[in-house]
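Thank you all for making time this morning. I would like to walk through one structure with you slowly, beginning with a single residue and then widening the view, so please have a look at it before I go on.

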Amino acid sequence: MNIGAFYNRITVQNSVQGANAYGERELTYSDYATLWADIKYTSNAKEDVNGEQFVSEQKVIFIVRYSFNAKQIDNKYRISFDGKKYEITGVQYIGRQDRIQIITNLIE
């Protein structure tokens with residue numbers, strides 16, 4: 001493992017169900033953990049038309065070191081990095097408690 005590749009600071013956010021001033025359910029996010037990550041931008045970005053609306057998809061892979069906080073991450077969380085939000089679509093373990101690969105889509 002090249003530890004020097006983990007130089008990007010990401011924030012993992014947890015979804016919290018709450019209510020707004022009118023009593024309606026509202027999904028908000030709170031910071032769960034801040035981790036060092038290696039980031040891989042995939043070359044298979046695509047655009048599509050869905051219901052007369054352009055939808056773009058940019059897959060980004062965040063690789064973090066295995067830790068107690070990192071092993072709790074699943075698709076109920078999202079990642080905040082460089083002012084952008086990323087929806088988690090999958091989590092894969094690399095090696096034996098070595099690294100965790102978090103597969104995301106950029107939220108526009």
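Leaving aside its neighbours within four places in sequence, which residues is Ser-15 in contact with? Before I answer, please keep in mind that what we are looking at is a predicted model. Once those close neighbours are set aside, the residues that Ser-15 contacts are Leu-27, Thr-28, Tyr-29 and Lys-76. Ser-15 itself belongs to strand β1, and it counts as partly exposed, because its relative accessible area is 24%, which falls between the cut-offs of 20% and 50%.

One of those contacts deserves a second look, namely the one with Lys-76, where a polar atom of the Ser-15 side chain lies 3.1 Å from the backbone oxygen of Lys-76. In the same part of the model, the C-alpha atoms of Ser-15 and Arg-78 are separated by 7.9 Å, although these two residues are 63 residues apart along the chain. Arg-78 also has a bridge partner in β1, and that partner is Gln-13. The two strands concerned, β1 with residues 8–19 and β6 with residues 77–81, run antiparallel and are joined by four bridges.

Let me now step back to the whole chain. How many helices and strands does the chain have? There is one helix, and there are eight strands, and if you read along the sequence you meet them in the pattern β-β-β-β-β-α-β-β-β. Six strands form a closed barrel, in the order β1-β2-β5-β8-β7-β6, with antiparallel pairing, and from one strand to the next the twist averages 45°.

A few totals help to set the scene for this chain. Of its 108 residues, 31% count as buried, and the chain exposes about 7,500 Å², of which carbon and sulfur atoms supply 43%. If we take the contacts with a separation of 6 or more, residues 24 or more positions apart account for 50% of them.

Next, I would like to follow one strand of the barrel, β8. Seven of the nine residues of β8 are buried, so this strand is largely enclosed by the rest of the structure. Which strands does β8 pair with? One is strand β5, residues 59–65, which pairs with β8 in the antiparallel sense over seven bridges, and within that pairing Val-60 has Thr-104 as its bridge partner. Another is strand β7, residues 84–94, which is also antiparallel to β8 and pairs with it over nine bridges. The hairpin of β7 and β8 has four residues between the strands, and there Gly-95 takes a positive phi near 75°.

Within β8, which spans residues 99–107, we find Asn-105. Is Asn-105 buried or exposed? Asn-105 is buried, since its relative accessible area is 13% and the cut-off for buried is under 20%. Standing opposite Asn-105 is Glu-87, and Glu-87 is also among the residues that Asn-105 touches, not counting those up to four places away in sequence; the others are Glu-57, Gln-58, Lys-59, Lys-85, Tyr-86 and Thr-89.

My last topic is the aromatic rings. A pair of aromatic rings is described by the distance of the centres and the angle of the planes. The count for this model comes to four aromatic pairs. In one of them, Phe-62 and Phe-81 have their ring centres 6.3 Å apart and their planes at 75°, so the pair is edge-to-face. This pair links distant parts of the chain, since Phe-62 is in strand β5 and Phe-81 is in strand β6, 19 residues apart. Both Phe-62 and Phe-81 are buried.

A further pair, Tyr-66 with Tyr-93, is tilted, with 6.2 Å from centre to centre and 55° between the planes. Here too distant parts of the chain are linked, for Tyr-66 is in the loop between β5 and α1, while Tyr-93 is in strand β7, 27 residues apart. Tyr-66 is partly exposed at a relative accessible area of 24%, and Tyr-93 also counts as partly exposed, with 48% relative accessibility. Finally, ring pairs link Phe-62, Phe-81 and Tyr-86 into a cluster, and Tyr-86, you may recall, is one of the residues that Asn-105 touches.

Key:
Residues are numbered from 1 along each chain as its sequence is written. This is a predicted model: local features need pLDDT of at least 70, side-chain atom pairs count only at pLDDT 80 or more; totals for chains, interfaces and linings use all residues. Side-chain values use heavy atoms; hydrogens and water are left out. Buried means under 20% relative accessible area, exposed over 50%, partly exposed in between (1.4 Å probe, protein chains only). Contact means heavy atoms within 4.5 Å. Two strands pair if DSSP finds at least two bridges between them. Axes are lines fitted to C-alpha atoms, for helices over the stretch in contact, and angles run from 0 to 180 degrees between N-to-C directions. A polar contact is a pair of N or O atoms within 3.5 Å; within protein, one must be able to donate a hydrogen and the other to accept it, and residues adjacent in sequence count only if both atoms are side-chain atoms. Accessible areas come from the Shrake-Rupley method with a 1.4 Å probe; for residues, only the protein chains shown count as cover. Rings of Phe, Tyr and Trp (its six-membered ring) pair if their centres lie within 6.5 Å; planes under 30 degrees apart count as stacked, over 60 as edge-to-face and the rest as tilted.
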